[in-house]
Amino acid sequence: MATRHLDLSHHLPAVIDIARQAGQLILDIYENKDYEAFTKDDETPVTSADLAAHKLIMEKLSELTPDIPVLSEEAADISLEQRSQWSTYWLVDP
């Protein structure tokens, strides 16, 4: 089965903007000292700032490219069976 190449380069400016928005959100939360730290099930740390950035990135990428799934470190509940069907996806680590 041939894999088709999907040119996403026209989305680059919007993706950069999403990354900047998420980064600014994290900075704002940390500067205001308005965050909590948690330990995930895999014993790795995560903060409420990370989760807020995750939410923003997921929402914005889903709006930008609704036909392309998003796989994020903070949403690892998507089964391998489902992910293995994806030929293209966004990989996010907020």
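These questions and answers cover helix H2 and the nonpolar core of a predicted model.

Local features need pLDDT of at least 70, side-chain atom pairs count only at pLDDT 80 or more, and totals for chains, interfaces and linings use all residues. Residues are numbered from 1 along each chain as its sequence is written, and side-chain values use heavy atoms, with hydrogens and water left out.

Q: Which element gives the largest share of the largest nonpolar core?
A: A nonpolar core is a set of buried Ala, Val, Leu, Ile, Met, Phe, Trp, Tyr and Cys residues joined through side-chain atoms within 4.5 Å. Buried means under 20% relative accessible area, exposed over 50%, partly exposed in between (1.4 Å probe, protein chains only). Helices (H or I, at least four residues) and strands (E, at least two) are DSSP runs, numbered from the N terminus. The largest core has 14 residues, and its largest share, six residues, comes from H2.

Q: Which residues does isoleucine 57 contact, leaving aside its neighbours within four places in sequence?
A: Ile57 is among the residues with the most contacts inside the core. Contact means heavy atoms within 4.5 Å. The partners are Ile18, Ala22, Val92 and Pro94.

Q: Is lysine 55 buried or exposed?
A: Lysine 55 lies in helix H2. Its relative accessible area is 52%, so lysine 55 is exposed.

Q: How many Å apart are the end C-alpha atoms of H2?
A: The expected span is 1.5 Å times one less than the number of residues. For the 17 residues of H2 that gives 24 Å. The model agrees: the end C-alpha atoms are 24 Å apart.
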